[in-house]
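Here are some notes to read alongside the model. Keep the structure open and find each residue as you go.

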Amino acid sequence: MSSLAQKKGVGAIIWDYLTTVDHKKIAILYLISGGIFFLIGGLEAMLIRIQLMKAGNDFLSAGLYNEMITMHGTTMIFLAAMPILLGFMNAVMPLQIGARDVAFPFLNSLGFWLFFFGGIFLNLSWFMGGAPDAGWTNYASLALASESHGIDFYALGLTISGFGTLIGGINFLVTIINMRAPGMTYMRMPLFTWTTFVASALILLAFPPLTVGLFFMIFDRMFGANFFVVEMGGNTIIWEHLFWIFGHPEVYILILPAFGIFSEIFAIFSRKRLFGYTALVFATILIGFYGFMVWAHHMFTVGLGPTANAVFALATMIIAVPTGIKIFNWLLTIWGGSIKFTVPMVYAVAFIPSFVAGGVTGVMQAIAPLDYQLHDSYFIVAHFHYVIVGGVVLAILAGVHLYWPKMFGTMLSEKLGMVTFWFFFIGFHLTFFIQHFLGLLGMPRRVYTFGADQGWDLFNAISSAGALLMAIGVIVLLVNVVITTVKNVRVGNDPWEDGRTLEWAIPSPPPFYNFAQTPLVRGLDTYWIEKMEGNKKGMVYAEPLGDIHMPNGSIIPFIMSFGMFVASFGALYFQDDSKPWTLAVLIIGLAILFGSMLVRSLKDDLGFHITKEELMEDLKKGGNTDGSK
Amino acid sequence: MAHDTTEKIRSHAEHDFLKRKRSAEMRHQLTSFAIMIFLTLIAFTMVAAGFSTYLIVPIILLLAGVQVVLQLYHFMHLSNKGHGMVAFFMFSGIFVAFITVLALVTIVWW
């Protein structure tokens, strides 16, 4: 097991990525597969906008349109936004706390492959008899009435990828609690680490309700249970509750890491310490708690009664307070800073007004009586796209530019980055700002077409034009990635020149053991402190150079996930009388799953050691970067 | 490192201190064990005596809560050093679950 970088063939590289347990490579896997799902979800969005471009359009049929909106929402939330953010967490968080890897490298890989196979399974529905068509919220009465296997794909696919996410969340929690470098107290953790921590706690607490809901759904659809069947004594509203008990924390799982990325960007490019670090941390924790107490605001019109509506309306409005604290802290971080308008910073600055607009419409909807007017109209569509695109997607794009050099060792073009930004930003506001007014004019969401006499033509046409601009922006980003990768101009440790946290103190991309010696943390913004004191090495060491214990790679996570993937097909077609092979497939899949678990349990895998001599050899060459190249 | 196994020679005072601490801990465990037995007895007696279910159920739930706390603190060493984060997560989880179940039950079945 040599630590030396060597030229490898394509097959060896693929094998390397299939078996890797290195958090940086898993991050790249998350980024690539999340990125591909992002493109698929974006394609679906474009088709939706083409359909709604003009009145009475027949580009998509009504049924296909339903599948399209369902898959757009599901893909974007579960398979694009969350995995890409998990990718950034994987890439950056262990570096920020001075750790050599996450606490459970094997589980990290398992989490990724479960997500990956769950996502593939869900998207295979397009080719295997129809995608899910009950909306991404999959409300039970509608879902149980759906005739194709789409809903089964949804329930099983999300169960598998949900396992993956849950495993990832627990892994990050343990990592942050146990593996911080000496001196890295909780209140010295960079804000991205903090938001990773809170988002992981939310994953831990929010995913079980979803799993329970999905299990009920699977039992109802596949085994004839009646959890949600009203005429058999079930309760269809329970699904809505379970879904939103998960669903509301879920949007904070998305937005908190986005806040974290922006907090890093504001501090780096204002060249100032974050204003109100403590307040930002406590606001993050507070948002995490409030996230669990507001779910019923998605259900005001269900008829919960005035008391429940009033309680949840108030709770919802309270969330605006910690979020407002954050906004003001960011503004005051920029205030008086020595600002550099790089691409990430431009995204961050554009994020503030966009996200505030989404937040304000959110508070409007928290007013239960007003929500009776707004519910299920395009106003809602406009609102959640403002918070998710204006918050999460801008953060993802900013994060891609910010962390690209740390993940791949090359710098994305600033010029093309600006082009992407302007196309995307203008396109985004063009698409969604006008949808507020469409909603106020009475256009309901989730309708596949509208009449020419309803007065919605022009606004819909403008909205579709905006979507085109966003697509151009994303294409420019892809071109940027290709050009940067082909040029392959390597960068140093701190390519932005103003890095403040530990990840900027080590090579880009970092050697696979991250830190030859564990760093000693002397305060917030560790690397900045060392830079200001003229420490050329960028860090103080907490230990002498010595052997490093590293985990071995393993193909078992891939095989386990594949086993679940196979078993899901058996479960999916279990009810069909025309398919007698389902039970066999189910058993084979589970056998693969439990067999590989057994192998993992019985076979000792003690990892390997990088010797002190190898480390010294590496350091002489400026750090082994064993990265993507 | 976590697997630091350096031998330490304790002074006489330290030794005495540890001894006293351990016997105190033992006393705590015995006391809480006795309390737990007593609480269980109450629960059984109540059912045997045939009180109204509306009285029995809440009291048993309350006793169960007390038992859990005693168990966690005296037998599972939650009060020991380094368990702050564990306790924080447990209580956050219990809090969130409690609020959720309470709200769900009141909204759906009230």
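How many salt bridges does the rule find across the interface of chain B and chain A? Zero. Keep in mind throughout that this is a predicted model.

1. **What the interface lacks.** Salt bridges are absent between chain B and chain A under the rule used. Polar contacts give a similar result: the rule finds zero residue pairs in polar contact across this interface, counting pairs with both residues at pLDDT 80 or more. Look at the residue classes next. The side of chain B that touches chain A has 11 nonpolar residues, three polar ones and no charged ones.

2. **What the interface has.** On chain B, 14 residues are in contact with 18 residues of chain A. The size of an interface is often given as the accessible area lost when the parts come together. Here the two chains bury about 1400 Å² between them. Of that area, 92% is on carbon and sulfur atoms. Three residues deserve a click: Met85(B), Phe89(B) and Ile107(B). They supply 38% of the area that chain B buries against chain A, more than any other three residues.

3. **Thr19(A).** Now move into chain A. Thr19(A) lies in helix 1, which covers residues 10-19. Its relative accessible area is 10%, under the 20% cut-off, so Thr19(A) counts as buried. A polar atom of its side chain lies 2.9 Å from the backbone oxygen of Trp15(A). Setting aside neighbours within four places in sequence, Thr19(A) is in contact with Gly553(A), Ser554(A) and Ile555(A).

4. **Leu280(A).** This residue sits in helix 9, residues 277-290 of chain A. Leu280(A) is buried, with a relative accessible area of 0%. Compare sequence with space here. Leu280(A) and Trp330(A) are 50 residues apart in sequence, yet their C-alpha atoms are 9.1 Å apart. The two residues are also in contact. Beyond neighbours within four places, the contacts of Leu280(A) also include Leu191(A), Phe275(A), Lys326(A) and Asn329(A).

5. **An edge-to-face pair.** The rule counts 62 aromatic pairs over all chains. One of them is Phe37(A) with Phe115(A). Are these rings stacked or edge-to-face? The ring centres are 6.0 Å apart and the planes meet at 70°, so the pair is edge-to-face. Phe37(A) belongs to helix 2 (residues 23-51) and Phe115(A) to helix 4 (residues 105-124). The pair links distant parts of the chain, 78 residues apart. Both rings belong to buried residues: Phe37(A) has a relative accessible area of 3%, and Phe115(A) is at 3% as well.

6. **A stacked pair.** Tyr403(A) and Trp504(A) are also an aromatic pair, and this one is stacked. The centres are 6.0 Å apart, with 10° between the planes. Tyr403(A) is in helix 13, residues 378-408. Trp504(A) is in the loop between helix 15 (457-487) and strand 1 (519-520). The sequence separation is 101 residues. Tyr403(A) is buried at 1% relative accessible area. Trp504(A) is buried at 0%.

7. **Gln96(A).** Tyr403(A) turns up again among the contacts of Gln96(A). Where is Gln96(A) found? Helix 3 of chain A, residues 62-96, holds this residue. Gln96(A) is buried, with a relative accessible area of 0%. Its side chain makes a polar contact with the side chain of Thr193(A), at 2.7 Å. Setting aside neighbours within four places, other contacts of Gln96(A) include Met184(A), Pro190(A), Glu264(A), Thr501(A) and Glu503(A).

8. **Backbone details to check.** Start with the loop between helix 15 and strand 1 of chain A, where Pro509(A) is found. The peptide bond from Ser508(A) to Pro509(A) is cis, with omega near -15°. Asn514(A) lies in this loop too. Its phi is near 65°, a positive value in a residue other than glycine. Asn514(A) is buried at 1% relative accessible area. Arg271(A) also has a positive phi, near 50°. This residue lies in the loop between helix 8 (236-270) and helix 9. Is Arg271(A) buried or partly exposed? At 31% relative accessibility, Arg271(A) counts as partly exposed.

How values were computed. Residues are numbered from 1 along each chain as its sequence is written. Chains are lettered from A and ligands numbered from 1 in the order in which they are written. Side-chain values use heavy atoms; hydrogens and water are left out. Contact means heavy atoms within 4.5 Å. Buried area is the accessible area (1.4 Å probe) that two parts lose on being put together, summed over both. A salt bridge is a side-chain nitrogen of Lys or Arg within 4 Å of a carboxyl oxygen of Asp or Glu. A polar contact is a pair of N or O atoms within 3.5 Å; within protein, one must be able to donate a hydrogen and the other to accept it, and residues adjacent in sequence count only if both atoms are side-chain atoms. Ala, Val, Leu, Ile, Met, Phe, Trp, Tyr, Cys and Pro count as nonpolar, Asp, Glu, Lys and Arg as charged, and the others, Gly among them, as polar. Helices (H or I, at least four residues) and strands (E, at least two) are DSSP runs, numbered from the N terminus. Buried means under 20% relative accessible area, exposed over 50%, partly exposed in between (1.4 Å probe, protein chains only). Rings of Phe, Tyr and Trp (its six-membered ring) pair if their centres lie within 6.5 Å; planes under 30 degrees apart count as stacked, over 60 as edge-to-face and the rest as tilted.
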